[in-house]
Amino acid sequence: MTPFLSRLSRRQSLQALAAAALVATGAAPALAADNFPSKPITIVVPFVAGGTTDILARVVGQAMSESLGQPVVIDNRAGAGGNIGGQFASRAPADGYTIFMGTVGTHAINEWLYAKMPFKPNQDFAPLTRVANVPNLLVAHPSQPFKTVKELIAYAKANPGKVNFGSPGNGSSPHLSGELFDSLAGVKMTHVPYKGSAPAITDLLGNQIAIMFDNMPSAIQHVRSGKLRPIAVTTPKRSPELPDVPTVAEAGVPGYAAMSWFGLFAPAKTPAAVQAKLHDAIVKALKNPAVAKKIQEQGGEVVAESPAEFAAFIKAENEKWKKVVKDSGAVAG
């Protein structure tokens, strides 16, 4: 062996030993976090483009890109009530470059609704922060013969099973909002699941389905244009964006309350320092007045919290929706 190759071999050995020491002491992830991000970040959205989950991911992703200095790309992977996207994101490399826009469906409903889950929502992901709370809006095609909650109930009772309500998919908050309405109002409507809010809205605009309990951001534009009739909001309080629209509870179904929420997650084994950088970038985006205004104009309430606060919130939501799913008898998969 030549002296040069001998020196090179010794250098490589020393480098290998140094790398091993870094891993052993935990310094390697720290170094990775120092350089993070060095390439584009992908937000996996488990529903089709145009729905509320997609809208929020794009608004927040753009602001994150400006803060982190790297592009943030949206990857729509729809199907199975968000489970297809959830499975894909849960198996992504835990390096911070793939994160997931989860919902009340993917992280508080599906586990109780589906007989078999392709991933474990509260074990395979690390919560970063909730992004927004969003009311669901009960809307109807203007040609339908009811304008109020009481008129809808009367019509549904006179025509059992003939009122079709669409949703972004089995287990989504709009789906369960409809099931909860059936249960508390004593009616039986027919659920029609879609692969996202956008195609459901398209059929509602075409009067292929009668009503929808849609997330407000994807429905409000059609209400403002007069293409859809607002009947009620599902939250306990009226929405500031539609102050003249009553809540379902005050309009005739006492005790009714349902809300969609959306939050960002990283694969569970993502280094803590990388999770912290992502959390800080998301919160910075949400505190940007322009971002907050866009979300509020869509009827959403901006939420920025710590990972621990988000985890505690998810735990409470699981208990709530577990009972709703059981009481409604809803099943999927």
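For these notes I call a residue buried when its relative accessible area is under 20%. The model I have open is a predicted one.

**Strand 1**

I began with strand 1, residues 41-45. By that cut-off, 4 of its 5 residues are buried, so I put the strand down as mostly covered. Next I looked up its partners. Strand 2, residues 72-76, runs parallel to strand 1 and is joined to it by 5 bridges. How does the chain get from strand 1 to strand 2? It goes through helix 3, residues 52-68, and the β-α-β crossover is right-handed. For a spot to click on, I noted that Val 44 stands opposite Asp 75 in strand 2.

Strand 1 also pairs with strand 3, residues 98-103. That pair is parallel too, with 3 bridges. Here my marker is Ile 43, which stands opposite Ile 99 in strand 3. A reminder to myself for viewing: side chains in a regular strand alternate between the two faces of the sheet.

**Ser 167**

I then went to Ser 167, which sits in strand 5, residues 164-167. Buried or exposed? Ser 167 is buried, because its relative accessibility is 0% and the cut-off is under 20%. Leaving out residues up to four places away in sequence, I listed what Ser 167 touches: Ser 172, Pro 174, His 175, His 191, Val 192, Pro 193, Tyr 194, Gly 196, Ala 200 and Met 212.

**The cavity**

How many cavities of 30 Å³ or more are there? I get 1. Its space comes to about 140 Å³. I count 18 lining residues, and those nearest the centre are Phe 47, Thr 53, Pro 168, Asn 215 and Phe 262. Helix 3, helix 5 (104-113), helix 7 (173-185) and strand 9 (259-267) each give two or more residues to this lining. Helix 3 is the helix I met earlier, on the way from strand 1 to strand 2. The largest share, 3 residues, is from strand 9. By class I wrote down 7 nonpolar, 11 polar and no charged residues.

**The pocket**

Last, I checked the largest pocket, which holds about 240 Å³ of space. It is lined by 14 residues, with Pro 135, Ser 239, Pro 240, Gly 299 and Glu 301 the closest to its centre. Which element gives the largest share of this lining? Strand 4, residues 125-140, does, with 3 residues. The class tally for the pocket reads 4 nonpolar, 6 polar and 4 charged. I set that beside the cavity lining, where there are no charged residues.

Definitions and conventions: Residues numbered from 1 in each chain as written. Predicted model: local features only at pLDDT ≥ 70, side-chain atom pairs only at ≥ 80, totals over all residues. Heavy atoms only, no water. 1 Å grid on protein atoms, 1.4 Å probe; cavity = no way out; pocket = protein on both sides within 12 Å on 5 of 7 lines; lining within 4 Å. Points joined across faces, edges and corners; volume = space filled by probe spheres on them. Nonpolar A, V, L, I, M, F, W, Y, C, P; charged D, E, K, R; others polar. Buried < 20%, exposed > 50% of the residue type's maximum accessible area, 1.4 Å probe, protein only. Contact = heavy atoms within 4.5 Å. Pairing = 2+ DSSP bridges. Right-handed = clockwise from strand over helix to strand, strands pointing away.
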